[in-house]
Amino acid sequence: MTCQETGVLLHALADGELDLTKSLEMEAHLQECQTCARAQEEIRGLGSLMKDASLRFTPLASFERRLRSAVRREANKKPVSQSWWRWSLAAASPAVVVLAVWVAIVILNRPASDVLVAQEVVSSHVRSLMAQHLMDVPSSDQHTVKPWFDGKLDFSPPVKDLGPQGFELKGGRLDYIDNRPVAALVYQRRQHLINVFVWPAKSSTESATKASVSQGYNLIRWTNSGMEWWAISDLNLAELQQFVQMLQN
């Protein structure tokens with residue numbers, strides 16, 4: 001089973017929707033592939049967060065009494081022919097209101113998509129440094145790194161040699177971000193390592209670079225040529241921006 005096939009079924013595995021045979025195949029792959037295993041842990045962690053009691057909304061006990069009282073006053077002003085369906089609608093109103101309020105709370109408290117992806121990028125960057133799984137293909141030759149991804153991803157990541165400009169290509173690896181396998185390209189500037197994550201963009205619209213800081217790391221995100229790009233490093237922001245401009249050019 002490939003990483004791409006596993007990535008499609010990770011949510012189904014977490015929700016217990018797979019048959020026994022497919023579940024065993026998935027578990028066997030997860031035992032051998034740290035990247036997919038980490039992705040599975042993140043999905044299970046997200047599921048646990050969604051069960052947090054703080055996401056539940058319980059209206060005050062007086063809410064239903066006040067609502068029914070208001071409906072009764074309104075019903076007394078209307079002809080009998082209209083009162084029945086209005087009362088029926090009112091009976092369902094508390095549940096509808098509670099549901100609407102709960103949905104609004106979840107939406108308002110849910111981090112934006114870019115924020116969630118940024119969190120995954122930081123986590124993947126830190127894990128690559130801590131777990132000594134920085135590269136699957138260690139090489140400074142772009143003609144070695146780029147072909148290595150063939151057959152492992154459903155796209156061909158652009159790989160540039162920026163060694164003459166002071167940003168040495170160190171290699172690449174497979175990673176898992178935004179619910180899909182992605183390419184991670186590794187560069188080095190003096191003692192600073194740079195992880196560049198790239199995968200097909202969900203939209204064809206190109207976006208300018210957006211810089212941010214998370215957990216002490218500088219991140220730059222942009223979209224061009226149908227690809228989503230994220231660069232992250234403890235390198236200072238000015239030099240990281242210079243590096244990104246070279247990638248874009």
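Reader: How many salt bridges does the structure hold?

Author: Happy to start there: this predicted model holds eight salt bridges.

Reader: What makes the contact of arginine 127 and glutamate 42 a salt bridge?

Author: Their side chains meet at 3.0 Å, N to O. A salt bridge needs the Arg nitrogen within 4 Å of the carboxyl oxygen of Glu, so the pair qualifies. Arginine 127 lies in helix 6 and glutamate 42 in helix 3, so the contact ties together parts that are 85 residues apart in sequence.

Reader: Why is arginine 127 called partly exposed?

Author: Its relative accessibility is 23%. Partly exposed lies between the cut-offs of 20% and 50%, so arginine 127 fits. Glutamate 42, at 27%, counts as partly exposed too.

Reader: And glutamate 239, why is that residue called buried?

Author: Glutamate 239 has a relative accessible area of 13%. Buried means under 20%, so the word applies. Salt bridges that share partners join glutamate 239 with Arg189 and Arg190 into one network.

Reader: How do you know that glutamate 239 and arginine 190 form a salt bridge?

Author: Their closest N and O atoms are 2.8 Å apart. The limit is 4 Å, so this pair counts. Glutamate 239 sits in helix 8 and arginine 190 in the loop between strand 3 and strand 4, so parts 49 residues apart in sequence are tied together.

Reader: What makes strand 7 mostly covered?

Author: Seven of its seven residues are buried. Glu228, Trp230 and Ile232 point one way, while Met227, Trp229, Ala231 and Ser233 point the other. Glutamate 228 also meets arginine 221 in a salt bridge (2.9 Å, N to O), and both residues are buried.

How values were computed. Residues are numbered from 1 along each chain as its sequence is written. This is a predicted model: local features need pLDDT of at least 70, side-chain atom pairs count only at pLDDT 80 or more; totals for chains, interfaces and linings use all residues. Side-chain values use heavy atoms; hydrogens and water are left out. Buried means under 20% relative accessible area, exposed over 50%, partly exposed in between (1.4 Å probe, protein chains only). Helices (H or I, at least four residues) and strands (E, at least two) are DSSP runs, numbered from the N terminus.
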